Amino acid sequence: MSKLFEKRQSIRQAEAKLGLSELSEHEKAVYAFVDSEVVTYRDAIIRHDYFKGISLSTMKRAVKTLLESNLITAIPSSEDKRIRWLSIT
């Protein structure tokens, strides 16, 4: 079995344990990004090189789905009301 396939299997198993199996690939990627940061916000996700080529509407939908699924939380910034800090629930 190739190393790449082994890693993909491992990722799939981890996603199942976290309850992410039903999410789209974009939603999983956004979840992983939020998980990799102490705290982040939507514009930081959109500007990251990994997400180049993904439309703004797709990213907004991914964040919305994760929020509605209670997989991430959003806390309004006290300094800038346009920013909602995202973190893993």
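Analyst: Helices are DSSP runs of H or I with at least four residues, strands are runs of E with at least two, and both are numbered from the N terminus. K28 has its place in helix α2. The model is predicted: local features need pLDDT of at least 70 and side-chain atom pairs count only at pLDDT 80 or more, whereas totals for chains, interfaces and linings use all residues. Residues are numbered from 1 along each chain as its sequence is written, and side-chain values use heavy atoms, with hydrogens and water left out.

User: Which elements make up the chain, and in what order?

Analyst: The secondary structure comes to four helices and two strands. From the N terminus on, the elements run α-α-α-α-β-β. The C-alpha trace spans about 50 × 25 × 20 Å along its principal axes.

User: Why is K28 classed as it is, buried or exposed?

Analyst: Buried means under 20% relative accessible area, exposed means over 50%, and partly exposed lies in between (1.4 Å probe, protein chains only). K28 has a relative accessibility of 12% and therefore counts as buried. Apart from neighbours within four places in sequence, K28 is in contact (heavy atoms within 4.5 Å) with E15, L20, S21 and L23. In the chain of 89 residues, 27% count as buried.

User: What class does A44 fall into, and where is A44 found?

Analyst: A44 is found in helix α3, residues 42–47. The relative accessibility of A44 is 22%, so this residue counts as partly exposed. From C-alpha to C-alpha, A44 is 12 Å from K60, and the two are 16 residues apart in sequence.

User: How do you know which term describes the orientation of α2 to α4?

Analyst: The axes of α2 (residues 25–36) and α4 (residues 56–68) come within 9 Å and cross at roughly 70 degrees. Angles of 65 to 115 degrees count as roughly perpendicular, those under 35 as roughly parallel, those over 145 as roughly antiparallel, and the rest as oblique. The value therefore makes α2 roughly perpendicular to α4.

User: Which residues meet where α2 touches α4, and what are their classes?

Analyst: From α2, the residues H26, E27, V30 and Y31 meet T58, M59, A62, V63, T65 and L66 of α4. By class, this contact has six nonpolar, three polar and one charged residues. Here Ala, Val, Leu, Ile, Met, Phe, Trp, Tyr, Cys and Pro count as nonpolar, Asp, Glu, Lys and Arg as charged, and the others, Gly among them, as polar.

User: What is notable about the backbone of N70, and where does N70 lie?

Analyst: N70 has a positive phi of about 60 degrees although it is not a glycine. N70 lies in the loop between α4 and β1 (72–76). With a relative accessible area of 54%, N70 is classed as exposed.

User: Why is T89 called buried or exposed, and what does T89 contact?

Analyst: T89, in the segment after β2 (84–88), has a relative accessible area of 58% and is therefore exposed. Leaving aside neighbours within four places in sequence, T89 is in contact with N70, L71, I72 and T73. The side chain of T89 reaches the backbone nitrogen of I72 at 3.2 Å. T89 and S77, twelve residues apart along the chain, have C-alpha atoms separated by 17 Å.

User: What share of the contacts in the chain with a separation of 6 or more joins residues 24 or more positions apart?

Analyst: That share is 39%.

How values were computed: Axes are lines fitted to C-alpha atoms, for helices over the stretch in contact, and angles run from 0 to 180 degrees between N-to-C directions. A polar contact is a pair of N or O atoms within 3.5 Å; within protein, one must be able to donate a hydrogen and the other to accept it, and residues adjacent in sequence count only if both atoms are side-chain atoms.
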